[in-house]
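Visitor: I am new to this structure and would like to learn how to read it. Could you take me through a few features, one at a time?

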Amino acid sequence: MYTVILIGILTASFTSALYSWLFIVPVLSYLLLGTKLGTIYSVIYVLSGCAILTYRHIVQNPGTPVIAIVNIALTLTAIWALSYTYEQKRAQTVKRLQEMASLDPLTGLNNRLLLSSIFDMLCETLPEKQKSVSMVLVDLDHFKKVNDKYGHGVGDAVLVDVSRIINSMRRRNDWAFRFGGEEFCLLIPDVTPHQAHSIAERLRHSVEHTLSAEGFDATITVSIGVAHWPENGDALSQIYKVADERLYKAKEQGRNQIVSE
C-alpha cells in the first residue's frame, strides 16, 4: 500500500493532493508494527515520499510553491512525532501491565501465573539428552509467628531477603517464583536429582545462617520438597503434587530439612 502511495505521488499532478496519503504512513506503521518496525517503515516511506514530492513538483515543476512542500513536510513531521510518542507510551504501559500481572510486587519474583508457561517452555526447549526439570518448593517455618511478634513490615522484609537469597543462588536459566504468603518455588532445568538436592540444601543453609532482614534478630528456617520431571510425572500438576507432598513431609518430620525422594 505504501508503495502504491509513492507511485501515485510520482505520477499524479500536485493538485490531485495524493500526497495527503503520506500522512497515514507513520500512524499505520506504529499502530500495526510497533515502535521498532514502525520507525523503519516510516523512515523509508515518509522520506521517500518527501524526496519524490521535492523532485516531481519543485525540480521538475518550478511553478509549485516551495511553501506548500514545506507545509507538507512539517505536517508529516508533526504526525510522525505524535505517532511515535503515542506508540512508545502505549508500549511502556503494556510492558508495565505485563510486569504487574507476572511479577510479585513485594519480592520482584515471578508469580504463580507464569509457572505453567515457564514449565512448558523448559520442557519443550531442553535438548533431548538434558530433558530434566527439578521443582524445589520452599516454605518458611513458623512464619506466622514472625508476623505476630515483629509485625507485617518485618515479615515483608524477611520475605524480601529470602527472595534475595534465592536470586543470588539461582543460575541464569533457573526460574524463581513466589506463590504467595511464605511459599517459594524454583524450576531448575538440566540437573540430576542429587544436584537438585544439593541446591536445595545450600538454599536451606543460606536462609538459616545468612538471612539479615532489617528489624529481625531471630533465626528463620525453611522446609523444602523437591520433585523431578519426568521421573515424578509428565504434567506440571503431577510434579507440583509430589513436591508439595514432600514439603509437608519435611514439616511433619521436624521442619528445617529437605525431602527429595
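Visitor: Let me start with a single residue: where does Gly-34 lie?

Guide: Gly-34 lies in helix α2. Helices here are DSSP runs of H or I with at least four residues, strands are runs of E with at least two, and both are numbered from the N terminus. Before we go on, please note that this is a predicted model, in which local features need pLDDT of at least 70 and side-chain atom pairs count only at pLDDT 80 or more, while totals for chains, interfaces and linings use all residues. Residues are numbered from 1 along each chain as its sequence is written, and side-chain values use heavy atoms, with hydrogens and water left out.

Visitor: Thanks! Is Gly-34 buried or exposed?

Guide: Buried means under 20% relative accessible area, exposed means over 50%, and partly exposed is in between, using a 1.4 Å probe and protein chains only. Gly-34 has a relative accessible area of 17%, so it is buried. Its C-alpha is 9.6 Å from that of Arg-90, although the two residues are 56 apart in sequence.

Visitor: How do I read a pair of helices, such as α1 and α2?

Guide: Two packed helices are described by the angle between their axes and by the distance between those axes. Axes are lines fitted to C-alpha atoms, for helices over the stretch in contact, and angles run from 0 to 180 degrees between N-to-C directions. The axes of α1 and α2 (residues 24-59) come within 10 Å and cross at roughly 15 degrees. That angle makes α1 roughly parallel to α2. The cut-offs are under 35 degrees for roughly parallel, over 145 for roughly antiparallel, 65 to 115 for roughly perpendicular, and oblique for the rest.

Visitor: What is the handedness of the crossing of α1 and α2?

Guide: It is right-handed. A crossing has that label if the near helix is turned clockwise from the far one by less than a right angle, and is left-handed if the turn is anticlockwise.

Visitor: At what angle do α6 and α7 cross?

Guide: The axes of α6 (residues 152-169) and α7 cross at roughly 140 degrees and come within 10 Å. These two helices are therefore oblique to each other. Their crossing is right-handed.

Visitor: Which residues are found around α1?

Guide: Two examples will do. Met-1 lies in the segment before α1 (2-11), and is exposed at a relative accessible area of 57%. Between the C-alpha atoms of Met-1 and Val-25 there are 9.5 Å, with 24 residues separating them in sequence. Ile-7 sits in helix α1 itself and is partly exposed, at 47% relative accessibility. The C-alpha atoms of Ile-7 and Gln-253 are separated by 79 Å, and these residues are 246 apart along the chain.

Visitor: Which residue has a positive phi although it is not a glycine?

Guide: Asp-190 is one of them, with a phi of about 60 degrees. Asp-190 lies in the loop between β4 (183-189) and α7 (193-210), and is partly exposed at 33% relative accessibility. Its C-alpha is 6.4 Å from that of Lys-131, which is 59 residues away along the chain. Lys-131 belongs to the loop between α4 (115-125) and β2 (133-140). Another case is Arg-255, with a positive phi of about 70 degrees, in the loop between α8 and β6 (258-259).

Visitor: Which two residues does a cis peptide bond join?

Guide: Trp-229 and Pro-230, with omega about 5 degrees. Pro-230 is found in the loop between β5 (222-229) and α8 (236-252).

Visitor: Finally, what lines the largest pocket?

Guide: Rolling a probe the size of a water molecule over the atoms shows where empty space is left. The lining of the largest pocket includes Asp-141, His-142, Lys-145, Tyr-150, Phe-216 and Thr-221. A pocket is an open set of points on a 1 Å grid over the protein atoms alone, where a 1.4 Å probe fits and protein lies on both sides within 12 Å along at least five of seven lines; lining residues have an atom within 4 Å of a point.
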